Amino acid sequence: MGTDKTKERSTILIVDDSEMNREMLSEILKDDYNTLEAADGAEAVAVLKEHEHDIDLVLLDIVMPGMDGFEVLSIMNRYNWIEYIPVIMISSEGDFSYIKKAYDLGATDYIRRPYQSYTIHRRIGNTLMLYNKQKRLLKIVEEQVYAKEKDNHMMINILGHIVEFRNGESGMHVHHIQTITKLLLRSLVKKTDKYELTDNDILQIITASALHDIGKISIDDKILNKPGKLTPEEFAIMKTHAAVGAEILKGLPVYQDKGLVHVAYQICRWHHERYDGRGYPDGLKGEEIPISAQVVSLADVYDALTSERCYKKAFSHEKAMDMILGGECGAFNPLLLECLKELGSKGIAAALDADARGDMDDQLLMRVTEELIEDKISDSSSHSSQLFEEEHSKRMFFTEDIREIQFEYDSRVGTVMLSPYGAKFLGAENSVVYADQIKNELLGEKCEALKNALHRTTPEKPEIEPINEELTYNGTTRSYVIKAMSLWSNESEPKYIGALGRIIDVTDGIN
């Protein structure tokens with residue numbers, strides 16, 4: 001994920017206001033990962049800005065002074081870091097509202113303290129593996145979608161050119177409309193968030209703008225290419241192209257409430273409406289006119305004025321701006337007029353020159369492709385997170401009252417995670433206790449038998465032979481069977497890192 005392709009170890013950013021917690025995590029991870037640290041949310045954001053292409057995963061605490069973990073997640077969403085840097089929340093907060101909020105903000109996983117190093121390693125390993133697979137699949141699908149969208153764009157442009165060819169206009173008119181539309185939209189989204197336009201929305205408007213005059217295929221050539229002024233009757237016929245084009249698109253089998261065809265319908269039908277309500281065919285006023293049609297309308301008028309047509313010479317940028325701002329060519333959204341003024345003659349000319357060959361805006365298309373795919377992945381991730389929570393709740397419900405001591409031993413930090421019944425049986429305040437406490441309070445010297453049995457296991461054969469013991473606890477002696485298996489690191493030469501086990505009461509003959 002980083003820029004250095006020779007990097008073998010993933011880099012993990014540890015964000016926690018507790019120095020002890022950071023040191024513990026760094027110690028647990030040092031053999032397998034590179035680590036960076038941040039003592040609070042603000043420092044975490046600064047580290048992410050500096051190393052965003054080198055960080056592979058973030059371990060993030062929630063409760064921190066100043067900027068908390070939720071705010072860090074929000075900023076990661078704002079900068080789109082969350083799309084390629086997975087976040088595992090590590091917190092002592094167990095309230096479901098915290099967990100839900102973390103997942104809603106894009107966290108990949110949630111681990112409660114106290115934790116086991118084995119759990120941390122497995123969850124990190126699984127997350128990185130899934131993200132790497134996802135990125136490889138995303139790249140493959142992205143290339144396929146990109147190629148398809150580029151072909152679609154080309155076909156729409158060809159159709160637009162056919163219409164303009166009949167109209168006797170320059171073959172560059174379609175490209176001019178698309179370029180000016182793109183400039184206006186980019187300027188508009190910087191100026192206001194009123195219209196909530198995404199990259200996908202912008203691409204659809206740009207692409208659909210090529211079809212703005214498709215209804216002209218129904219207009220007689222004599223009217224369409226008349227060099228002089230049209231008579232009132234001829235102009236009335238010419239005006240029908242807006243509604244005709246919209247009906248052509250609406251009649252397509254793929255017509256839907258959202259999507260490219262719908263945007264093209266809006267542009268075709270309403271790109272001759274006026275902001276003051278005096279346009280056609282429906283007399284829409286102000287924001288009743290879809291922003292897609294508003295932008296293409298202004299782009300169309302500007303290009304018509306600054307290009308040579310069969311009925312006129314080309315006007316200069318300055319003359320065209322005077323006519324547009326003076327209301328001689330229609331009435332437009334004041335925000336869009338500001339955008340057009342700010343673009344200026346040089347800005348528009350430079351963009352038109354860059355797009356002279358009609359090349360697609362590759363960066364925009366790639367961003368949109370990623371956006372579309374990420375939306376699908378996010379939907380799946382949200383569903384997966386929900387399933388994870390449901391399965392966790394089920395597991396807790398079914399294991400809470402099982403009358404056996406289940407344990408997970410972590411040899412690297414010397415702790416044992418107990419099942420709910422095990423913690424209750426031992427009177428432990430927390431589900432994670434030190435291994436010495438287990439040895440002294442329950443197994444005593446007989447712990448050595450379990451220890452020796454585990455040390456005789458191998459990665460290929462990790463399970464021990466069941467151990468039958470009589471154990472005395474709180475003055476009562478009962479018969480138990482101990483079943484366990486060793487745990488090993490995921491390396492070319494695996495290391496013993498702990499064990500999983502069950503201590504089952506078989507006094508009454510039930511195993």
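In this predicted model, helix H3, which spans residues 69–78, lies across strands S3 and S4 and runs at about 155° to S3. The chain passes from S3 through H3 to S4, and the β-α-β crossover formed in this way is right-handed. The two strands that H3 links are themselves paired, since three bridges join S3 to S4 and the strands run parallel. Within this pairing, the bridge partner of Leu60 is Met89 in S4.

These elements belong to an open sheet of five strands, in which the order is S2-S1-S3-S4-S5 and the pairing is parallel. Strand S2 (34–38) and strand S5 (109–112) stand at the edges with a single partner strand each, so one side of each is left without a neighbour in the sheet. From one strand to the next, the twist averages 20°. On one side of S3 in this order, S1 and S3 pair in the parallel sense over four bridges, and Ile14 stands opposite Leu59 in S3. Strand S4, residues 87–91, likewise pairs with S5 in the parallel sense, over four bridges, and here Met89 stands opposite Tyr110 in S5. Helix H2, residues 41–51, also packs on the sheet, where it touches strand S1 (11–15), S2 and strand S3 (57–60). The direction of H2 makes about 135° with that of S2.

The side chains of S3 can be considered in turn. In a regular strand the side chains alternate between the two faces of the sheet. In S3, Leu57 and Leu59 point one way, whereas Val58 and Leu60 point the other way, and all of these residues are buried.

The largest nonpolar core holds 39 residues, and Leu184, Leu197, Leu298, Tyr302, Ile324 and Leu340 touch the most other members. At least two residues of this core are supplied by each of helix H6 (173–191), helix H7 (199–208), helix H10 (260–270), helix H11 (291–306), helix H12 (317–325) and helix H13 (334–354). The largest share, eight residues, comes from H11. Ile324 illustrates the packing: when residues up to four places away in sequence are not counted, Ile324 touches Leu298, Val301, Tyr302, Leu305, Phe332, Leu337 and Leu340. Apart from this core lies another, of 28 residues, and among its members are Ile75, Ile85, Tyr103 and Tyr110.

Across the protein, 17 helices and eleven strands are found. Buried residues make up 45% of the 511 residues. Of the contacts with a separation of 6 or more, 59% are accounted for by residues 24 or more positions apart.

Confidence in the model varies along the chain. The mean pLDDT of the protein is 80, and 76% of its residues reach 70 or more. Over residues 1–7, however, the pLDDT is below 50, although this stretch has 13 contacts in the model beyond near neighbours in sequence. Residues 377–385 form a further stretch over which pLDDT stays under 50, and for these residues the model has three contacts beyond four places in sequence. Where pLDDT is low, the predicted coordinates should not be read in detail.

Methods. Residues numbered from 1 in each chain as written. Heavy atoms only, no water. Core = buried A, V, L, I, M, F, W, Y, C linked by side-chain atoms within 4.5 Å. Buried < 20%, exposed > 50% of the residue type's maximum accessible area, 1.4 Å probe, protein only. Contact = heavy atoms within 4.5 Å. pLDDT = per-residue confidence, 0-100. Pairing = 2+ DSSP bridges. Axes fitted to C-alpha atoms, helices over the stretch in contact; angles between N-to-C directions. Right-handed = clockwise from strand over helix to strand, strands pointing away.
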